[in-house]
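Hi everyone, thanks for having me. Please have a look at the screen, and I'll walk you through what we can read from this protein.

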Amino acid sequence: MSRIHSSSDARRLAKRRLPWMVFDYIDGAAGNEYAEGANRKLLQALQLQPRILNNVEHRSLAVDVFGKVAKLPFGVSPIGMCNLASPKADEWLAKHAATHHIPCGVSTAASSSLESMAQWSEGHAWFQLYFSGNEQSSRALVERAQVAGYETLVLTVDVPEVGRRPRELRRGFKMPFAMGPAQVLDFALHPRWSLATLLHGKPELANFGGKYGEFERTASRAGADWSLLERIRSWWKGNLVVKGVLSAEDAVRLKACGVDAIQVSSHGGRQLDSGPAPIQCLAQIRQVLGAEYPLFYDSGLRSGEDIVKAYACGASFVFFARPLLFAMAAEGQKGLDTLSDVLATEASLTLAQLGVTGLDQVGMNSLVNAGDVLASA
Ligand SMILES: Cc1cc2nc3c(=O)[nH]c(=O)nc-3n(C[C@H](O)[C@H](O)[C@H](O)COP(=O)(O)O)c2cc1C
């Protein structure tokens, strides 16, 4: 029997299991974590409008993403060093994507090779690129992803410099780990995680070396600019998603540059502590891009009701990161399956309450006074 009945259960159980350093790497955000908290408060403040006596017996959570049918309305956001949560986390996420036909982001800083992820996900993996500062090695990675059969490239643009995350700094989080007395104590007090990690070998960055260069987590990517985007667009013939957009003006320019989809995201509040709430930006960006343009969303989603709220604010598809890691840290692959099922069930029940049978039927009118609530943020 799983003990996960909500994403907060997963977080609570993971907190016990994970070394403090790893928990804080996953859970932490930039600065005082105001931005992360404010976005979640805004998601909570949005109220859904129930409607009655519509026949909602036959509901579907399927969503079209780049011409393919995702059987769940959410995917896996790219996450660096997933295997810190649990030694087989990457593999479980990719296989989950294969089972449900959902996109699985594969981070530049993934702890499994992009080829393994493509294979495990049966073609549902999307490669996420962080510009490395060295255009040749970035291009080599993009070409490698193409050869491995990736159809979608996600360019993350909200990390010109890595955000200051005090919880990581306090714990001395570094990749590779720097071991001191505090870390030895931390690992000793979390023996299940430590033994499993010892058994499988400590997670490493899996996509670097040789012509792909070395990945320095805190290296500057500040040289990336609009002309780099144009060059990436010319290298990459598949779907190009730009992730980490919070400005309507930037969104309009990205669409004009031939980007296939935009992912509205605050990087889970990990970059700018005084940034706007991404759920508010989502609604604004949807307005300027029109109803049809593919607009993805991540950051702060914790339930099926949150999923429905994001679609109501204009998302065409949404992604999760932390809750999935916590579910795997808590209960392994079973934890991932359970949480995914919880989120899907919650989303389906929410559709029933709203009197609709699919996510294509939710919109701003599914929310109570959405304009006022979003404007108040
Ligand atoms: C531990 C961790 C590692 C992450 N690594 C990456 C990454 O390598 N690339 C990327 O684009 N986003 C990365 N993100 C950001 C997520 O893709 C996503 O934007 C954000 O975490 C979503 O918010 P949520 O965690 O509230 O669901 C990471 C997030 C976390 C929590």
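Let me start with a question: does D27 count as buried or exposed? With a relative accessibility of 9%, D27 counts as buried, because the cut-off for buried is under 20% relative accessible area. Before we go on, please keep in mind that this is a predicted model.

Now, what does D27 pair with? Its partner is R11, and the two form a salt bridge in which the closest N and O atoms are 2.8 Å apart. This pair links distant parts of the chain: D27 sits in helix α2, residues 20-27, while R11 sits in helix α1, residues 7-17, and their positions lie 16 residues apart in the numbering. R11 counts as partly exposed, because its relative accessibility is 34%. If salt bridges are new to you, here is the idea: side chains of opposite charge can pair when their charged atoms come close.

The pair also belongs to something wider. R11, D24, D27, E33, R167 and R171 are linked in a network of salt bridges. Let me pick out one member, E33. You will find E33 in the loop between α2 and α3. Its phi is near 65°, which is a positive value in a residue other than glycine.

Let's step back and look at the whole protein. How many helices and strands are there? The secondary structure comes to 15 helices and 10 strands. Along the principal axes, the C-alpha trace spans about 60 × 50 × 40 Å. For 377 residues, a compact globule would have a radius of gyration near 21 Å, and this protein has 20 Å, so the two agree. Of those 377 residues, 57% count as buried.

Back to charges for a moment. In total, the structure holds 19 salt bridges, and I'd like to show you two more of them.

One joins the side chains of R40 and E36, at 3.1 Å from N to O. Both residues lie in helix α3, residues 34-45, and they are four residues apart, which is about one turn of the helix. How do they compare in burial? R40 counts as partly exposed because its relative accessibility is 28%. E36, on the other hand, is buried, because its relative accessible area is 11%.

The other one is between R165 and E168, whose closest N and O atoms are 3.6 Å apart. R165 is buried, with a relative accessible area of 7%. E168 counts as buried too, at 7% relative accessibility.

Let's move to the surface. Which residues gather in a patch of positive charge there? They are R3, R16, R192 and K334. R192 has its place in helix α9, residues 191-200. It counts as exposed, because its relative accessibility is 59% and the cut-off for exposed is over 50%.

There is a nonpolar patch on the surface as well. It is formed by W20, L185 and L189, with about 280 Å² of accessible area together. Of these, L185 is in helix α8, residues 181-188. Its relative accessible area is 47%, so L185 is partly exposed.

Now a few loop residues to find on your own screens. S299 is in the loop between β9, residues 295-298, and α13, residues 304-312. Its phi is positive, about 115°, although S299 is not a glycine. S299 is also buried, with a relative accessible area of 6%.

Next is A277, in the loop between β8, residues 261-264, and α12, residues 278-289. A277 counts as buried, at 10% relative accessibility. How far is its C-alpha atom from that of V362? The two atoms are separated by 21 Å, and the residues are 85 residues apart along the chain.

Last comes A224, in the loop between α9 and α10, the latter being residues 226-235. A224 counts as partly exposed, because its relative accessibility is 36%. The C-alpha atoms of A224 and L374 are separated by 31 Å, and these residues are 150 residues apart along the chain.

That's my tour. Thanks for listening, and do ask me anything!

Methods
Residues numbered from 1 in each chain as written. Predicted model: local features only at pLDDT ≥ 70, side-chain atom pairs only at ≥ 80, totals over all residues. Heavy atoms only, no water. Patch = residues over 30% accessible without salt bridge, like charges linked within 9 Å, V, L, I, M, F, W, Y side chains within 5 Å. Areas by Shrake-Rupley, 256 points an atom, 1.4 Å probe, with all protein chains shown as cover. Salt bridge = Lys/Arg side-chain N within 4 Å of Asp/Glu carboxyl O. Lys, Arg positive; Asp, Glu negative; His and termini not counted. Charge placed at Lys NZ, Arg CZ, Asp CG, Glu CD. Helix = DSSP H or I, 4+ residues; strand = E, 2+ residues; numbered from the N terminus. Buried < 20%, exposed > 50% of the residue type's maximum accessible area, 1.4 Å probe, protein only. Rg over C-alpha atoms; globule rule 2.2 N^0.38 Å.
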